[in-house]
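Have the model open in your viewer and a selection box ready. We will go from stop to stop, picking a few residues at a time and looking at what is around them.

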Amino acid sequence: YDELVFKVILVDGSVWKYKNGIKEKMFHSLNLPKLQNIKASGKHTLAIDIHGNIWGWGCNSHQELKMMKNSFIPMPVKLTKQSIYKSVYCVKDYSLIIDEEGKVELWHNGIPTSSKMPQAFIRMYRAKSARK
């Protein structure tokens, strides 16, 4: 590619495009609630809003955003809410979700599961738990 384009979504919901070192505001607001926990893998991004809802965008080729039909989600969408979520982690083609009761879900291939968790997630979760 001759040019590199980045889209950045700020906590206030504004969206900026960075192209060849020049920034341009694309949207003033996406009407997102305030986001308090944002994690990215380089391919996809997850965020938790102040109400505990999960928002996701980016690559979804392995259903790491828990959506079956689209392989790419260009802007944040509110993902299925089953409880109040506290933490999210993103690694390559996986998403790790932790709710307020400590239940851990792994999103990959469209099926939330707690089995066959990648070692990278296990290390991150243990390190975070040890700091508490």
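Start by selecting Asp93, which counts as buried because its relative accessibility is 9%. Bear in mind as you look around that this is a predicted model.

**Stop 1: around Asp93**

Asp93 sits in the loop that links strand S8 (85-91) to strand S9 (94-99). Now show what surrounds this residue. Setting aside the neighbours within four places in sequence, the contacts of Asp93 are Lys43, His62, Glu64, Trp107 and His108.

Which residue forms a salt bridge with Asp93? Select Lys43: the closest N and O atoms of the pair are 2.7 Å apart. Lys43 belongs to the loop between S4 and S5 while Asp93 belongs to the loop between S8 and S9, so this pair ties together parts that are 50 residues apart in sequence. Is Lys43 buried, partly exposed or exposed? With a relative accessibility of 35%, Lys43 counts as partly exposed.

Next, add His62 to the selection. The side chains of His62 and Asp93 are joined by a polar contact of 3.3 Å.

**Stop 2: the two loops, one residue along**

Stay here and select Gly42 and Lys92. Gly42 is in the loop between strand S4 (35-40) and S5, and Lys92 is in the loop between S8 and S9. How far apart are the C-alpha atoms of Gly42 and Lys92 in space? The distance is 7.4 Å, for two residues that are 50 apart in sequence.

Colour the pair by accessibility. Gly42 is exposed, at 79% relative accessibility, and Lys92 is exposed too, with a relative accessible area of 55%. If you check backbone torsions, Lys92 has a positive phi of about 45° although it is not a glycine.

**Stop 3: another positive phi**

Move the selection to Gln63, in the loop between S6 and strand S7 (72-78). Phi of Gln63 is near 55°, again a positive value in a residue other than glycine. Is Gln63 buried or exposed? Its relative accessible area is 15%, so Gln63 is buried.

**Stop 4: the other salt bridge**

Side chains of opposite charge can pair when their charged atoms come close. How many salt bridges does a search of the whole structure find? The answer is two, and one of them, between Asp93 and Lys43, you have already seen.

For the other, select Glu105 and Lys103, whose closest N and O atoms are 3.7 Å apart. Glu105 is buried, at 8% relative accessibility, whereas Lys103 is partly exposed, at 49%.

**Stop 5: the nonpolar core**

Hide the charged pairs and select Leu46, Ile54, Val88, Ile97 and Trp107. These residues have the most contacts inside the largest nonpolar core, which has 16 residues. Which strands each supply at least two residues of this core? Among them you can pick out strand S5 (44-49), strand S6 (54-59) and S8. Trp107 may look familiar, since it was also on the contact list of Asp93.

**Stop 6: a pair of isoleucines**

Select Ile38 and Ile48. Ile38 lies in strand S4 and is partly exposed, with a relative accessible area of 37%. Ile38 and Ile48 are ten residues apart along the chain, and their C-alpha atoms are separated by 6.6 Å.

**Stop 7: the whole chain**

Now zoom out and show the chain as a cartoon. What does its secondary structure come to? There are one helix and eleven strands, and from the N terminus the strands run one after another before the helix ends the series.

The chain has 132 residues, of which 39% count as buried. Among its contacts with a separation of 6 or more, 33% are between residues 24 or more positions apart. Switch on the surface: the accessible area is about 8200 Å², and carbon and sulfur atoms hold 53% of it.

**Last stop: confidence**

Finally, colour by pLDDT. The chain averages 75, and 66% of the residues score at least 70. Where is confidence lowest, and where is it highest? Strand S11 (residues 111-113) is lowest, at a mean of 54, while S5 is highest, at 90. Where pLDDT is low, the predicted coordinates should not be read in detail.

Conventions:
Residues numbered from 1 in each chain as written. Predicted model: local features only at pLDDT ≥ 70, side-chain atom pairs only at ≥ 80, totals over all residues. Heavy atoms only, no water. Helix = DSSP H or I, 4+ residues; strand = E, 2+ residues; numbered from the N terminus. Polar contact = N/O pair within 3.5 Å; in protein donor to acceptor, adjacent residues only side chain to side chain. Contact = heavy atoms within 4.5 Å. Core = buried A, V, L, I, M, F, W, Y, C linked by side-chain atoms within 4.5 Å. Buried < 20%, exposed > 50% of the residue type's maximum accessible area, 1.4 Å probe, protein only. Areas by Shrake-Rupley, 256 points an atom, 1.4 Å probe, with all protein chains shown as cover. Salt bridge = Lys/Arg side-chain N within 4 Å of Asp/Glu carboxyl O. pLDDT = per-residue confidence, 0-100.
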